[in-house]
Amino acid sequence: MIAFYPSVCDATDMSIVTDLVADLAAEGEELDALVAPLDEGGWRAATPAAGWSVAHQIAHLYWTDKVALLSATDPEAFAEVVAEAMRNIDGFTDVTAEEGAARPKDELLADWRAARAALAAALVDVPDGTKLPWFGPPMSAASMATARMMETWAHGLDIADALGVEVTPTDRIRHVAHIGVRTRDFAYVVNGMTPPQRPFRIELTAPSGTTWTWGPDDPEAVYGTVRGSAVDFCRLVTQRRALADLDLELDGESVREWASIAQCFAGPPGSGRAPRSTGTRAL
């Protein structure tokens, strides 16, 4: 997953940023608890991302958290990172992950923990209205926290898959779902397609059983509706599961078209994952 994002949240209310950062911290701690006890075999286990082990996944999260911290605290140092990355735009993500994965596990984990804590503190301290530089458009502290939450959850899912464990989802994934909704048009643009003129209606069942909705509830005002599991919606937009494996109802031709290209991370169109089964219902 390439570590830059479309803007997904323009909120400047610091209470919102504080809540987002708290959820980001909790997601990181949960993933940390999963990987910290691993032996060498588990640490080097292959994940569904081609060529990436568990170590590569954590190295990538550490590198991106570290660079996000520079964005929030040292724009000049961040600009140097961008310049270096642009010299190898197609490969820098793999290069930095490979370099990090080669480090001793305990050392990498300690640095990741320190970067997570420092980033959390820095994002809360960003003044209202400030836009942080990034590889794509500048973003607010809320947008940065939301994007880091999305990446932590998505890479955590890859790790859980590699280890053959089921992680109990929480309502923190609302942030991931929000990115998935907000980046609908981006998915069309990155695929060279024209986005629909009207929005979709999104109706998702949260892990807690709550219903989350986005978009108008007037059928005449939308181009279709997505209904189903919030977890599966998040798996769709992060391209962690094939569409055929998801418990989602896709009502409308435009919705079905979007579901085939959905991605909430920037960069070129993702390759997605091979189907495991069948289960998506297209109406």
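A residue is called buried here when its relative accessible area is under 20%, and exposed when that area is over 50%. By this criterion, strand S2 (residues 211-214) has two unlike faces in the predicted model. Trp 212 and Trp 214 point to one face and are buried. Thr 211 and Thr 213 point to the other face and are not buried.

Strand S2 does not stand alone. Strand S1 (residues 201-205) runs antiparallel to S2, and four bridges join the two. Within this pairing, Glu 203 of the chain stands opposite Thr 213 in S2. The two strands form a hairpin, with five residues between them. Gly 209 lies in the turn and has a positive phi of about 100°.

A second antiparallel pair is made by strand S3 (residues 225-229) and S4, again described by four bridges. Arg 227 has Glu 249 in S4 as its bridge partner. Strand S4 (residues 248-251) also has two faces. Leu 248 and Leu 250 make up the covered face. Glu 249 and Asp 251 make up the uncovered face. The bridge partner of Arg 227 thus belongs to the uncovered side of S4.

Helix H10 covers residues 230-237. Eight of its eight residues are buried, so the helix is largely enclosed by the rest of the structure. The buried set includes the charged-group residues Asp 232 and Arg 235. Also in the set are Ala 230, Val 231, Phe 233, Cys 234, Leu 236 and Val 237. At the start of H10, a side-chain oxygen of Ser 229 reaches to within 3.2 Å of the backbone nitrogen of Val 231.

Gln 239 follows H10. Its place is in the loop between H10 and S4. Most residues other than glycine have a negative phi. Gln 239 has a positive phi, near 55°, and is a residue other than glycine. The relative accessible area of Gln 239 is 11%, under the 20% limit, so the residue is buried.

Another buried loop residue is Thr 183. This residue lies between helix H8 (174-182) and helix H9 (184-190). Thr 183 has 2% relative accessibility and counts as buried. Its side chain reaches the backbone oxygen of Ile 179 at 2.6 Å.

Helix H5 (residues 92-101) shows a one-sided pattern of burial. Phe 92, Thr 93, Thr 96, Ala 97, Gly 100 and Ala 101 are its buried residues. Seen down the helix axis, they fall within an arc of 165°, so they line one face of H5. These buried residues pack against three helices, namely H3 (54-73), H4 (75-86) and H6 (105-125).

Lys 66 is found in helix H3. It is partly exposed, with a relative accessible area of 34%. Lys 66 and Val 255 are 189 residues apart in sequence. In space, 37 Å separate their C-alpha atoms. Lys 131 is placed in the loop between H6 and helix H7 (141-163). With 42% relative accessibility, Lys 131 counts as partly exposed. Lys 131 and Pro 104 are 27 residues apart along the chain, and their C-alpha atoms are separated by 35 Å.

Pro 48 joins distant parts of the sequence in another way. Its place is in the loop between helix H2 (40-43) and H3. The residue is partly exposed, at a relative accessible area of 35%. Pro 48 and Arg 240 are 192 residues apart in sequence, yet their C-alpha atoms are 8.6 Å apart in space. Neighbours within four places in sequence aside, Pro 48 is in contact with Asp 158, Asp 161, Ala 162 and Arg 273.At the level of the whole protein, the domain assignment gives domain 1 (13-163) and domain 2 (172-261). The centres of the two domains, taken over C-alpha atoms, are separated by 25 Å. In domain 1, 15 residues are in contact with eleven residues of domain 2. The size of an interface is often given as the accessible area lost when the parts come together. Between domain 1 and domain 2, the buried area is about 1,200 Å². Carbon and sulfur atoms give 67% of that area.

Conventions. Residues are numbered from 1 along each chain as its sequence is written. This is a predicted model: local features need pLDDT of at least 70, side-chain atom pairs count only at pLDDT 80 or more; totals for chains, interfaces and linings use all residues. Side-chain values use heavy atoms; hydrogens and water are left out. Buried means under 20% relative accessible area, exposed over 50%, partly exposed in between (1.4 Å probe, protein chains only). The arc is that of the directions from the helix axis to the C-beta atoms. Contact means heavy atoms within 4.5 Å. Two strands pair if DSSP finds at least two bridges between them. A polar contact is a pair of N or O atoms within 3.5 Å; within protein, one must be able to donate a hydrogen and the other to accept it, and residues adjacent in sequence count only if both atoms are side-chain atoms. Domain bounds come from an automatic or database domain assignment. Buried area is the accessible area (1.4 Å probe) that two parts lose on being put together, summed over both.
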